[in-house]
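Morning, everyone. I have one structure to show, and two topics: the ligand shell, then two backbone angles. Here it is.

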Amino acid sequence: MTRSEPSYEALTETTAIALAKTLELFSADADLICHEIGDGNLNMVFRITEPAAKRGIIIKQALPYVRVIGEGWPLTLNRAVIESEALRHFAKHVPQYVPEIYYTDPTYAITVMEDLSHLTIVRTGLASGSTYPLLSTHIGEFLAKTLFATSDFAMGPQEKRELALQFHNPELCKITENFVFTYPLFDHETNDVEPILRPIAEQIWGDQSLLLEAAKLKQTFITHAEALLHGDLHTGSIFASDEETKVIDPEFAFYGPIGFDIGLFIANTLLSALAREEDGRDALLFHITNVWDVFVDTFSTLWQQNNVEDFASIEGYLEYQLQHIFEDAVGFAGSEIIRRIFGLAHARDIEAIIEDAHRLTVKRNAAALGRDFIVNRSLYQSPAQLVQALQQVVTG
Ligand code: SR1
Ligand code: MG
């Protein structure tokens, strides 16, 4: 009799506990509790805790389809490998900002990692009034260090292209190309538009100057392999406390334009700021300016210290790169804002606003800003101007 090769099986809470014990992450006789806590669009996440020892682990498992859509949309299990490889790669540059990985299994599409339950998901925390004073300092440093280190400027093009092959991620990129860059800009069946806002969505779908700029941004996303991106750096992909920040979920990692990760962070922070009453907004608007300022400082230092490009010290070249990264980031922030209002995957902090008038105002303001960021991205020179645009929109 030949032994069959192991093949993929979805974990249950019981088999997740068995796996944790097989891996000797707990003793064989430990009393363990397991809950499936995944509330994202794609995967299952099991938290296993040993209450007596006050410790736990996370087992994340990719499903062979898009969880939020169902088995009708198959999706590569290789994203689990991409995610754990990206976390390992980021850990080389910013170990303080990623969870520790204990084990990975490509067949079962499993990543076993540090339990971060002493922290909260930033989108959730921002919605309940937290401000995370160090968030943008940490994320600015995370972005500058990971993006610079994997760019042509740190690695040289040959080594960079070899790393890019490891992060060839076409199926997950296709999700972003469709659900961020395309469907929300058309009257697509996967969109989720509040009926009263349909006239605003229809204006977007008919706005030729917006569609032209949105098309250019999509093409930039597809073709500009500048650095290894996280690929989905919204505030649901970040755990934090007042002191600590951890970036999770880089299953969308691939070689793309540096401004994309920055734009997603800015867009989702801006949406949380819009969702707040005026008196709680400034702490979040600070994160929009500070993330860019920290990114620029850190990226510029790395540029001066570790650049392998012959043209690196040519006057104006760093400034040219930063200007183009910022313009991309503003445009990508606009695309992300539009998709969080009209696309399939909304921003939970905005959806949680119970009062209709307030929620609809937030969405109208967000849509106006999203359009402006896409169309006028080249006119924005600093994050303070993004904040100013928000303030103008909310004050009418
Ligand atoms: C169909 S999946 C939609 C979104 O979920 C993920 O979290 C990504 O943000 C993706 O765009
Ligand atoms: Mg995710």
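First, a term: a residue is near a molecule if its C-beta atom, placed from the backbone, lies within 6 Å of that molecule. Keep in mind that this is a predicted model.

Now ligand 1. Which residues are around ligand 1? From the front of the chain, we have G40, N41, L42, V66 and V68 among them. Then come I175, T176, F179 and V180. D232, L344 and A345 are also in the shell.

What is the shell made of, by residue class? Eight of its residues are nonpolar, three are polar and one is charged. Which helix gives the most? That is α7, residues 170-179, with three residues in the shell. The domains matter for this picture too. Domain 1 (13-114) and domain 2 (120-394) each supply at least three residues to the shell around ligand 1.

On to the backbone. Most residues other than glycine have a negative phi. Here are two with a positive one. K54 has phi near 50°. K54 sits in the loop between β2 (43-50) and β3 (55-62). D249 has phi of about 65°. Its loop runs between β11 (245-247) and β12 (254-256).

Buried or exposed: how do K54 and D249 count? K54 counts as exposed, because it has 7 C-beta neighbours inside 10 Å, and the cut-off for exposed is 12 or fewer. D249 has 24 C-beta neighbours inside 10 Å, so it counts as buried; that cut-off is 20 or more.

That's my part. Over to you.

Definitions and conventions
Residues numbered from 1 in each chain as written. Chains lettered and ligands numbered in written order. Predicted model: local features only at pLDDT ≥ 70, side-chain atom pairs only at ≥ 80, totals over all residues. Helix = DSSP H or I, 4+ residues; strand = E, 2+ residues; numbered from the N terminus. Nonpolar A, V, L, I, M, F, W, Y, C, P; charged D, E, K, R; others polar. Domains from an automatic or database assignment.
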